[in-house]
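Colleague: Before we discuss terms, may I see the sequence and the structure?
Modeller: Certainly; they are shown here.

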Amino acid sequence: AACLAGVMSPEDALVLVALRGRLISGLERGAMLAVPLGEPEIRPMLGGALSLAAVNAPKLCVVSGPTPAVERLEADLRNRGVEPVRLHTSHAFHSKMMEPVLAEFAHCVSGLKLNVPGLPYVSNVSGTWITGQEATDPQYWVSHLREAVRFSDVIQLLLKDDRPVFLEVGPGSTLTGLVRQHARTGAQ
């Protein structure tokens, strides 16, 4: 979205994606767990080791962190009758485990030419329309790597439109499934 809106060139976006991958691959491995609970229900269960990695739907969050802590939460949830799903991932994305690479990532972003968006798009960091100040602030892009993805907020915002259209691009039906979990979607 940032490329299409003119915030950064495709070449700079590729530099960031490659750097992000390289930095994360050097981090300690971790785990992620999809949990069929809302943010208010799961936050108190995180403790000090786990992070909220994503809020994908009103009753679907992803928790991220060190594998032993994720395993303990998974067992606790199953004991409570909640059926979480372990995600197939090598690292604990959008968690505290990303913090060792944030300074280097920020340094790289600081060297890029960032522009005010020429097209509106929604930030998955805030769940609302991106501002020019956010898009051109290297710290925003650090938050994009570290903070929870607010996908459910994005969907809720877009559903405020009278006739929203969601286009599934790629294999599977992840977007369709997540959009359908929001109250207003009905048969659209």
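**Terms and what they rest on**

Modeller: Strand β2 is mostly covered, with seven of its seven residues buried. This is a predicted model, in which local features need pLDDT of at least 70 and side-chain atom pairs count only at pLDDT 80 or more, while totals for chains, interfaces and linings use all residues. Residues are numbered from 1 along each chain as its sequence is written, and side-chain values use heavy atoms, with hydrogens and water left out.

Colleague: Why is β2 called mostly covered?
Modeller: Buried means under 20% relative accessible area, exposed over 50%, and partly exposed in between (1.4 Å probe, protein chains only). Seven of the seven residues of β2 meet the term buried.

Colleague: What makes β2 a strand, and how do you know that β2 and β3 pair?
Modeller: Strands (E, at least two residues) and helices (H or I, at least four) are DSSP runs, numbered from the N terminus. β2 covers residues 51–57. Two strands pair if DSSP finds at least two bridges between them, and five bridges join β2 to β3, which run antiparallel. One of the partnerships is that of serine 51 with serine 64 in β3. The two strands form a hairpin with two residues between them.

Colleague: Why do β2 and β4 stand at the edges of the sheet?
Modeller: The four strands form an open sheet in the order β2-β3-β1-β4, with antiparallel pairing. β2 and β4 (85–86) each have a single partner strand, so one side of each is left without a neighbour in the sheet.

Colleague: What puts the buried residues of α4 on the same side of that helix?
Modeller: The buried residues of α4 (residues 102–110) are Leu102, Phe105, Ala106 and Val109. They cover an arc of only 100° around the axis, which puts them on the same side of α4; the arc is that of the directions from the helix axis to the C-beta atoms. Ala103 and His107, on the other side, are exposed.

Colleague: Against which helices do the buried residues of α4 pack?
Modeller: They pack against α1 (10–25) and α6 (138–146), where contact means heavy atoms within 4.5 Å.

Colleague: Which residues of α7 are buried, and what covers them?
Modeller: Ser152, Val154, Ile155, Leu157 and Leu159 are buried in α7. Their cover includes β2 and α8 (174–180).
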